[in-house]
Amino acid sequence: MITNDILYIGVNDRDIDLFEGQYPVPNGIAYNSYVILDEKIAVMDTVDKRKQEDFLQNLENALGERQPDYLVVSHVEPDHASSVKAFLDKYPSARLVGNAKTFQMLAQYFELNLDSALTVKEGEPLSLGKHELHFVMAPMVHWPEVMLSYESTDKVLFSADAFGKFGALDAEEPWDCEARRYYFNIVGKFGMPVQTVLKKAAALDIQIICPLHGPVLKENLDHYLEKYNIWSGYEPESEGVFIAYASLHGNTAQAAKKLAQILEAKGCPKVVVTDLARGDMSEALEDAFRYGKMVLAASSYNGGVMPFMEDFLHHLKGKNYQKRTVALIENGSWAPSAKKAMGDILSQMNGITILDTAVTIRGAVKEENVKELEALAGELL
């Protein structure tokens, strides 16, 4: 129960291994849906068809003998909308509620009769009786049709994918970590649209946030709003240095780990080291955005750079990585090329400062390289 009249009818998915076919979710994912019980009944989104039967049973239990009047579709992505047709098959008298783009995009997934659909615009109210929904358009957070709904009686923001996180609702884990990984991998590219929505939200008296993934947020809302403002503004969140390496024979890995030891000895508040060949790419992206400084250490390969590093850099570019300081370490026994290859990709990103001090290793890490790493650590700090 969210409030006396707003009930949770979503489901946990503990069977899924990769969210969106690419992000590991060891603690599963929650597909959230809600129902507002009033003179008129509104269902707020459906769930992924993977858990369709559980969702429909939860809804039936919440409704008792009543029938829903509206289904509000805030986001057409299949993890939320792939049960829309099954819902309408069961409750054919219910009216779909969405914006113009909602219905354009729904038609790409289902053949639906939209004659009775209710098309809403920015700020438009929908009275359910005691409760009233107001619609807030949120294009590109993170699809073009996304809209939020604000219920003005209980002061609840139904926030679509905003403020979501990985992990089933019964997963015992801090919100920040998996919400950060979720944000930068799912929404991260679209910082400016998120900033626009945050400005709209600032004008609302919000007491509860109901996202489409992750827990309902009822306390300390300023914390979550602050995190979203930092993340969507592409500002560093924590002091520290993130070191990502791609090593061919282990020597570049040795250099990366030696730099980490030097930084820690010099008092760096936090040093995080990731092997891009073996680590989770989504966590590497999360750490790259979390810290203001990053070191990329890579072996040269085929006149360029190790594929794992190249892939990582293209992921960063795709997520709009910016406003960071980056240092480079390259290794090349006979023709070092990694520094140039990494720099070429970094130069395509906004607000990236590449330190003049760079380290070039030729094969094994030597004493002269350790001195260069000392100098690099000094410049980073």
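Glu20 is found in the loop that joins β3 (18–19) to β4 (23–24). In this predicted model, the residue has a positive phi of about 55° although it is not a glycine. Its relative accessible area is 33%, so Glu20 is partly exposed.

A positive phi also occurs at Lys323, again a residue other than glycine, with a value near 55°. Lys323 lies in the loop between α10 and β20 (324–331). With a relative accessibility of 38%, Lys323 counts as partly exposed. The table sets out the two residues.

| Residue | Loop | Phi | Relative accessible area |
|---|---|---|---|
| Glu20 | between β3 (18–19) and β4 (23–24) | about 55° | 33% |
| Lys323 | between α10 and β20 (324–331) | near 55° | 38% |

A further backbone feature concerns a peptide bond. The bond from Val141 to His142 is cis, and its omega is near 10°. His142 has its place in the loop between β12 (132–137) and β13 (147–151).

Asn99 lies in the loop between β9 (95–98) and α4 (100–106). Is Asn99 buried or exposed? The relative accessible area of Asn99 is 7%; because buried means under 20%, Asn99 is buried. The side chain of Asn99 reaches the backbone oxygen of Glu145 at a distance of 2.9 Å. Apart from its neighbours within four places in sequence, Asn99 is in contact with Thr119, Val120, Met137, Glu145, Val146 and Met147. Glu145 thus appears both in this list of contacts and as the residue whose backbone oxygen the Asn99 side chain reaches.

The last topic is a pair of helices. Two packed helices are described by the angle between their axes and by the distance between those axes. For helix α9 (residues 281–290) and helix α10 (residues 307–318), the axes come within 11 Å and cross at roughly 60°. This crossing angle makes α9 oblique to α10, since angles of 65 to 115 degrees would be needed for roughly perpendicular and angles under 35 degrees for roughly parallel. The crossing in which α9 passes α10 is right-handed.

Which residues of α9 and α10 meet? On the α9 side they are Met281, Ala284, Leu285, Ala288 and Phe289, while α10 contributes Phe308, Asp311, Phe312, His315 and Leu316. By class, the contact of α9 with α10 comprises eight nonpolar residues, one polar residue and one charged residue. Asp311 is the charged residue, because Asp counts as charged.

Note on methods. Residues numbered from 1 in each chain as written. Predicted model: local features only at pLDDT ≥ 70, side-chain atom pairs only at ≥ 80, totals over all residues. Heavy atoms only, no water. Helix = DSSP H or I, 4+ residues; strand = E, 2+ residues; numbered from the N terminus. Buried < 20%, exposed > 50% of the residue type's maximum accessible area, 1.4 Å probe, protein only. Polar contact = N/O pair within 3.5 Å; in protein donor to acceptor, adjacent residues only side chain to side chain. Contact = heavy atoms within 4.5 Å. Axes fitted to C-alpha atoms, helices over the stretch in contact; angles between N-to-C directions. Parallel < 35°, antiparallel > 145°, perpendicular 65-115°, else oblique. Left-handed = near helix turned anticlockwise from the far one by under 90°.
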